[in-house]
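Trainee: Hi, have you got a few minutes to go through a protein with me? I'd like to start with the terms and then look at the details.

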Amino acid sequence: MSIADDPAVTVCFAVTIDNDNYNLGLFNTCDGLGCEVTVEPRQEGGNNDFIYQLPGPIKYTNIKFTRPLNADSAKVAAWMANTRPGMGPRCTAVIQALTLDGTVVCSWSLREVI
């Protein structure tokens, strides 16, 4: 497979909030798409052979987008001016990884975004 055959070699990220009400434009990088399950160790009384590993709550990481200053920067400023995070209903968001020709490589839907 050559580099030209791999659709994910060069990607950009399109971000929309609340079903395209706010299109925040394209970003060069997206960091933090992930989650972590905390594991709680529990040892049974009188049985020292093993420790139970019980899954705890899921912790989601913060997502960070970066790009050079461009015309889309005004879209983010407008969204922030019209939205007060934490003061109203939480949003839904869609992040799409796009190739340079606009082909969607992967998409993430997020609920309860602040």
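Mentor: Happy to! One term up front: a residue is buried under 20% relative accessible area, exposed over 50%, and partly exposed in between. Also keep in mind that this is a predicted model.

Trainee: Okay, so how does Arg42 count on that scale?

Mentor: Arg42 counts as partly exposed, because its relative accessibility is 45%.

Trainee: And which side chain does Arg42 meet in a salt bridge?

Mentor: That would be Glu40, at 3.4 Å from N to O. Glu40 is partly exposed as well, at 32% relative accessibility.

Trainee: How many salt bridges does the structure hold?

Mentor: Two. Besides the Arg42 and Glu40 pair, the side chains of Asp72 and Lys75 meet at 3.1 Å, N to O.

Trainee: Is Asp72 buried or exposed?

Mentor: Buried: Asp72 has a relative accessible area of 18%, and the cut-off for buried is under 20%. Its partner Lys75 is partly exposed at 35%.

Trainee: Let's zoom out. What does the secondary structure come to?

Mentor: One helix and eight strands. Along the sequence the pattern reads β-β-β-β-β-β-α-β-β, so the helix comes after six strands and two more strands follow.

Trainee: What share of the residues is buried?

Mentor: Of the 114 residues, 19% are buried. The protein exposes about 8,500 Å², and 55% of that comes from carbon and sulfur atoms.

Trainee: Which residues make up the largest nonpolar core?

Mentor: There are twelve: Phe13, Val15, Ile17, Leu24, Phe27, Cys30, Trp79, Cys91, Ala93, Ile95, Ala97 and Val113. Strands S1 (12-17), S2 (22-27) and S7 (91-98) each supply at least two of them, and S7 gives the most, with four. As a general point, nonpolar side chains tend to be buried together in soluble globular proteins.

Trainee: What does Ile17 touch?

Mentor: Leaving aside residues up to four places away in sequence, Ile17 touches Tyr22, Leu24, Trp79, Cys91, Thr92 and Ala93.

Trainee: How about long-range contacts: what share joins residues at least 24 apart?

Mentor: It is 50%, taken among contacts between residues at least 6 apart in sequence.

Trainee: New topic, cysteines. How many disulfides does a search of the whole structure find?

Mentor: Zero.

Trainee: And Cys91, buried or exposed?

Mentor: Cys91 is buried, with a relative accessible area of 8%, whereas Cys35 is exposed at 51%.

Trainee: Thanks, that helps a lot!

Notes: Residues numbered from 1 in each chain as written. Predicted model: local features only at pLDDT ≥ 70, side-chain atom pairs only at ≥ 80, totals over all residues. Heavy atoms only, no water. Buried < 20%, exposed > 50% of the residue type's maximum accessible area, 1.4 Å probe, protein only. Contact = heavy atoms within 4.5 Å. Areas by Shrake-Rupley, 256 points an atom, 1.4 Å probe, with all protein chains shown as cover. Core = buried A, V, L, I, M, F, W, Y, C linked by side-chain atoms within 4.5 Å. Disulfide = S-S within 2.5 Å. Salt bridge = Lys/Arg side-chain N within 4 Å of Asp/Glu carboxyl O.
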